[in-house]
Amino acid sequence: MKPRILLDFALIASISLATGCTTKTTTPELAWQSYLEFEQGLEKEGLDLDFEPYFTASAYADIAEADADDLPYVKEMLAYPWYFEETFSHSEKPMPNGSCLTINGRTDHGDIGSLSIEFLERNGLKMNEANLLFVDSMDELPSQAQCPDESRL
């Protein structure tokens, strides 16, 4: 009798493990999708793109307050999908009121960096704050998503 109980337990455990592996769900990368939508808009329209749909009101304030001479410069500085020429990895984590996205990559000047972006839920995810951190080597890049305040040294 005892061997049968062990066999039944082993069978149940195997079924449970197999079922657990096949029913694993993944969360959608909503912040990454918001990033890609902004990137696609920039590819189509360049700095003529209206940034307001992609930014929270506080993040958009710099653009709204810029005079005509400064506006192209301000928009270029806030066009975060253009920061990296090459992207190595990205990760995100959900937050109570949105999500944080971290992108690791290399600039067109060869600098290695990590961009951490906070997205808040405002009728869709909108960029609220960002921090770009340059590092000396790829070993120093974060392996998990960080919010901007977590990425500041």
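Hi everyone, let's begin with one residue: E129 is partly exposed, with 29% relative accessible area. Please keep in mind that this is a predicted model. E129 has a partner, R152, and their side chains form a salt bridge with N and O 2.6 Å apart. R152 sits in the segment after α5, while E129 belongs to strand β4, residues 125-135, so this pair ties together parts that are 23 residues apart in sequence. R152 is also partly exposed, at 40% relative accessibility.

Let me step back to the overall layout. The protein chain has five helices and four strands. Starting at the N terminus, the order is α-α-α-α-β-β-β-β-α. The chain has 153 residues, and 35% of them count as buried. About 10000 Å² of the protein chain is exposed, with carbon and sulfur atoms supplying 53% of that area. As for contacts between residues at least 6 apart in sequence, 47% join residues at least 24 apart.

Back to the charges, then. How many salt bridges does the structure hold? There are three. You have met R152 with E129, so here are the others. In general, side chains of opposite charge can pair when their charged atoms come close.

K93 pairs with E150, and their closest N and O atoms are 2.9 Å apart. This one links distant parts of the chain, with K93 in strand β1 and E150 in helix α5, 57 residues apart. Both ends are partly exposed: K93 has a relative accessible area of 24%, and E150 has 41%.

R106 and E86 also meet through their side chains in a salt bridge, at 3.6 Å from N to O. Here R106 comes from strand β2, residues 98-106, and E86 from strand β1, residues 86-95, so parts 20 residues apart in sequence are tied together. R106 is partly exposed at 27% relative accessible area, and E86 is partly exposed at 40%.

Now for a lysine without a bridge. Where is K75? K75 is in helix α4, which covers residues 71-78. K75 is buried and has no salt bridge; D48 is the nearest side chain of opposite charge, 6.1 Å away. For a salt bridge, the side-chain nitrogen has to be within 4 Å of a carboxyl oxygen. Setting aside neighbours within four places in sequence, the contacts of K75 are L47, D48, L49, F51 and I63.

D48 turns up again on the surface. Together with E45, D50 and E52, D48 forms a negative surface patch. One member of that patch, D50, lies in the loop between α2 (30-45) and α3 (57-65). D50 is partly exposed, with a relative accessible area of 41%.

Last stop, the end of the chain. S151 is in helix α5, residues 148-151. Is S151 buried or exposed? S151 counts as buried, because its relative accessibility is 4%. Which residues is S151 in contact with, leaving aside its neighbours within four places in sequence? They are S116, N131, L133 and Q146. S151 and L115 are 36 residues apart in sequence, and their C-alpha atoms are 8.6 Å apart in space.

To close, let me put two neighbours from helix α5 side by side: E150 is partly exposed and bridged to K93, whereas S151 is buried. Thanks for listening, and I'm happy to go back to any residue on the structure.

Terms used
Residues are numbered from 1 along each chain as its sequence is written. This is a predicted model: local features need pLDDT of at least 70, side-chain atom pairs count only at pLDDT 80 or more; totals for chains, interfaces and linings use all residues. Side-chain values use heavy atoms; hydrogens and water are left out. Patches are made of residues with over 30% relative accessible area and no salt bridge: like charges are joined within 9 Å, nonpolar side chains (Val, Leu, Ile, Met, Phe, Trp, Tyr) within 5 Å. Accessible areas come from the Shrake-Rupley method with a 1.4 Å probe; for residues, only the protein chains shown count as cover. Lys and Arg count as positive and Asp and Glu as negative; His and the chain ends are not counted. The place of a charge is taken as NZ of Lys, CZ of Arg, CG of Asp or CD of Glu. Helices (H or I, at least four residues) and strands (E, at least two) are DSSP runs, numbered from the N terminus. Buried means under 20% relative accessible area, exposed over 50%, partly exposed in between (1.4 Å probe, protein chains only). Contact means heavy atoms within 4.5 Å.
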